[in-house]
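Visitor: Before we go through this structure, I would like to hear the reasoning behind each label, with the value set against its cut-off.
Guide: Then let us look at the structure together and take the labels one by one.

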Amino acid sequence: MTRSLNGLCSLALLGFLLASTAHADVVDDVWRGTNIRLNAARIHVRGNDYSTGYWLLPKAANTFNFNVPARQFGIDSDLVLHLYGSRSGNVITWTFNDALPRPYYLGDANSVTRVRGTLKARARQVRGADDPYCDHAACPHNVELVLEPGTRAWVDGYTDVVFQFDWTEEVSFRQFIAYAGVPRPRLASVRVTMPASRCATESPTELSGEVTLSSRAPTGGILVDLMSVDASVGVLPVRVPEAQSSARFAVRLPAGWSGPTVIYAASGGVRQIVKVALTKCVTTFFTFTKWHSLASNFLPRWVLPGGIVVASAEGYATDALITPASEVYWLHEVLDAKWVQVKGVQATGDVFGTAYSDKGPSAFRLRASKVKSGAELRLDGWEAVAANSHGTLLVRTPEDETQIYRVDEVGPAKHPGLEGLYPSRTLFNSLGQVAVTLKTEQGNRVVLVQGKEVKWLLDVESAVTAFNDVGVLAGVALVEDKALRAFRWSEKAGLQWLPLPEGLASSRATAINDGGWVVGTATSWDGKTQTAFITTPDGKSTLPLDKLLPPELAKAGFRIQEALSLSEDFSVLVRAVNGQGQRVHLVLSP
C-alpha cells in the first residue's frame, strides 16, 4: 500500500480540515456499521432495576436508525423501541416514542403503556487493540458510545386501584456501555526482523517489527496491542494509520540481552505470537562458500540480505534491483518515474531514495523482497536523505538542501538537532541517532546527533561512511602523515583506528553491519595496488578478502580490489579482477 504525503502547506491545510471533521469521521463509522453492541446497560424505573449484558443489536448500514426489543432488557413484553438517529459533530442523538402492544404490569397495580425519550451518545475512538469485552472475532468495533448530558427517558402508565390514575416517571440510567462502528481489522501477521549479524551488545538497542492487518484500518487508525513476555524488553501498542494495513514498531532490548522472549500481538479478536532471540556473536574470520557475479554493464553500490543488489547501468541515470537469479527490476518503471536515485538500504530489506518525474521529486521507501508491489511510502515534493530500520525517513526539499526534516505519521517536521549544521553526508539508525559529515573551515568533521545534542567525534579531517543500528559508526580520517585511515567509533570504546592489511599504507572503511564487522579498501603508498579487507568486531584484526575467497575463485586467479557493501547476513559486494585481468563485480556469501 502506497502512502502519499505532499508538501508542508498541503499538510497544514489537511491538518486543519481533519481537526474540524475528525469526530464526524468517527461518527461516520457508526453510520457505516451494521450493528451496535450493548455490552452492559441498567435502568431504574418505578422501584425496579432492569439490566442487560452483551446484546448485538442489528442495524442496517448507512443509517443511525435501529430497533431495541424490550425482551433484551429482561422485560416480558413485545415492545420494540424504534430509535431514530441524527448527528451533530461527534454526538449522535436517538429519539424514540413507542406505545406498548399491551400494558406491561410492574406490580403494585402499576402498568406501563408508553416509553419515550432522547438518547445522546458521544462517539469516540476505542483506544485499545480491542474493546475490553470482546472475546471472539465477530464482535470488535472501533467506536465507543458514551452517554452525554441531555439523555432523558420517560415511561407513561397507570395505577389501577378502584380507579385508574395516569402517571409519568423518568427513567434513571445506572449503567451504559456500548460499542459501534465498523469491525476491527483482524491481525494477519506480526514479525520482528532479527539481522543475522545482530547479537548482544553492551548498550540498549532496538529491533524493528511490523504488524499487518487483514484489511485497511478504519477512521482514526487502529491500535494493535503488543506485549513482551520478558518485561525487560520494551514494546508498546502500535497504531496502524487510517487507510493503511501495516505499521512498524520498535522492540527495545536492554544491554547484554540475547533472549529469548515471546511478543504477543492482538487486533480484531486475533492474537499471534513471534519469538525473538539474538544469535551468538560471530567474532572470528569465516570463509565465503557461495558467490554470484553481475553483468559487466552494471555499476553496483549496495547488497541486501539474500544477495539482492542495488545498481545502476552504464549510460543510465536510474537505479535497479538485481536478484541473485539475475532478474532486473528498473525502479523508474516500478515507481512510474523518469529516473530513480537510491540513497541507501537497511537490514530490514528496505530500499529508500528519490523518484523524479515531470511533477518533481518523490521520496520513497520500498521492500526489496516485494519490489513488484511498489513503494510502501511515498512523499511527493521531497528528496530522501537517509532512513533507518524502523522505516523513518529523513528528507529535504529541492529548494533548500540544507534543512533536513524527519518524517512521522503526520508528515515531515524539522529535525531539531540538524538545524544549521548543513551536513554533506547523513546516516540514520534505529536508535534515532544521526551521523553526519560536516564541512567546516578546518575541513570535514564527523558529528553524532541525538535529539538536540550534537557531539563532535574527531578533531582531524574526517568523514563518516557507515553507521549501524547498535550505534557504531565507521569512517575515514586524514592522519598526521596525510594518509587516509579507516576507523570505527562507539560510545563504549571511543575511537579505534582499524589495522591496515600488511604492506598497505592507507585505508577507507566502506560498510559496517550490526555485528560490528567492517569492510573497506586499502591502498599502497604509490596508489597502484588496492585490496579489499574485513575487520573483526573488536577492531583488532584485519584480513584481506582474497584470503577468504571460495576455492574455485582463488584457483581461477580472482583478486578482490574494492569492498563496496556489507549486508546483515555477511554477504559482501566487491569489485574484483579475474584471472584475465577483467573487471568483475561479485557478491560473496558465507
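Guide: In this predicted model, the link of cysteine 199 and cysteine 281 is right-handed, with 105 degrees about the S-S bond.

Visitor: What makes the pair of cysteine 199 and cysteine 281 a disulfide?
Guide: The sulfur atoms of cysteine 199 and cysteine 281 are 2.1 Å apart, and a disulfide requires sulfur atoms within 2.5 Å, so the pair qualifies. A search of the whole structure finds 1 disulfide. The pair links distant parts of the chain, 82 residues apart, with cysteine 199 in the loop between strand 12 and strand 13 and cysteine 281 in the loop between strand 18 and strand 19.

Visitor: Why is cysteine 199 called buried, and why is cysteine 281 called partly exposed?
Guide: Cysteine 199 has a relative accessible area of 8%, and because buried means under 20%, that label applies. Cysteine 281 has a relative accessible area of 33%, which falls between the limits of 20% and 50%, so it is partly exposed.

Visitor: How do you know that arginine 46 and glutamate 169 form a salt bridge?
Guide: Their side chains meet at 3.0 Å, N to O, and the cut-off for a salt bridge is within 4 Å, so the pair counts as one. Arginine 46 lies in the loop between strand 2 and strand 3 and glutamate 169 lies in strand 10, so the pair ties together parts that are 123 residues apart in sequence. Arginine 46 counts as partly exposed because its relative accessibility is 29%, between the limits of 20% and 50%.

Visitor: What makes arginine 46 a charge over the ring of tryptophan 167?
Guide: Arginine 46 lies over the face of tryptophan 167 at 3.9 Å from the ring centre, and the distance limit is within 6 Å, so the distance condition is met.

Visitor: Why is the pair of glutamate 376 and arginine 367 called a salt bridge?
Guide: The N to O distance is 3.9 Å, and the limit is within 4 Å, so the pair is counted. Both glutamate 376 and arginine 367 are buried. Salt bridges that share partners join Arg191, Glu210, Arg248, Asp350, Arg365, Arg367 and Glu376 into one network.

Visitor: How do you know that arginine 365 belongs with glutamate 376?
Guide: The closest N and O atoms of arginine 365 and glutamate 376 are 3.6 Å apart, and the limit is within 4 Å, so this pair is a salt bridge. It links arginine 365 in strand 26 with glutamate 376 in the loop between strand 26 and strand 27, 11 residues apart. Arginine 365 is at 11% relative accessibility, and because buried means under 20%, arginine 365 counts as buried. Glutamate 376, at 17%, counts as buried for the same reason, because it too is under 20%. A search of the whole structure finds 28 salt bridges.

Visitor: What makes the pair of phenylalanine 286 and phenylalanine 288 edge-to-face?
Guide: The structure holds 11 aromatic pairs. Phenylalanine 286 and phenylalanine 288 form one of them, at 5.7 Å centre to centre with 80 degrees between the planes. Centres must lie within 6.5 Å, and planes over 60 degrees apart count as edge-to-face, so both conditions are satisfied. Phenylalanine 286 and phenylalanine 288 are both buried.

Visitor: Why is the pair of tryptophan 382 and tyrosine 405 called edge-to-face?
Guide: Their ring centres are 5.0 Å apart and their planes 70 degrees apart, and because the limits are within 6.5 Å and over 60 degrees, the label holds. Tryptophan 382 is in the loop between strand 27 and strand 28 and tyrosine 405 is in strand 30, 23 residues apart. Both tryptophan 382 and tyrosine 405 are buried.

Visitor: Why is aspartate 108 called exposed, and what makes its phi worth noting?
Guide: Aspartate 108 is at 69% relative accessibility, and because exposed means over 50%, the label applies. Its phi is positive, about 55 degrees, although aspartate 108 is not a glycine. Aspartate 108 is found in the loop between strand 6 and strand 7.

Terms used
Residues numbered from 1 in each chain as written. Heavy atoms only, no water. Helix = DSSP H or I, 4+ residues; strand = E, 2+ residues; numbered from the N terminus. Buried < 20%, exposed > 50% of the residue type's maximum accessible area, 1.4 Å probe, protein only. Phe/Tyr/Trp six-rings, centres within 6.5 Å; stacked < 30°, edge-to-face > 60°. Lys NZ or Arg CZ within 6 Å of the ring centre and 35° of its normal.
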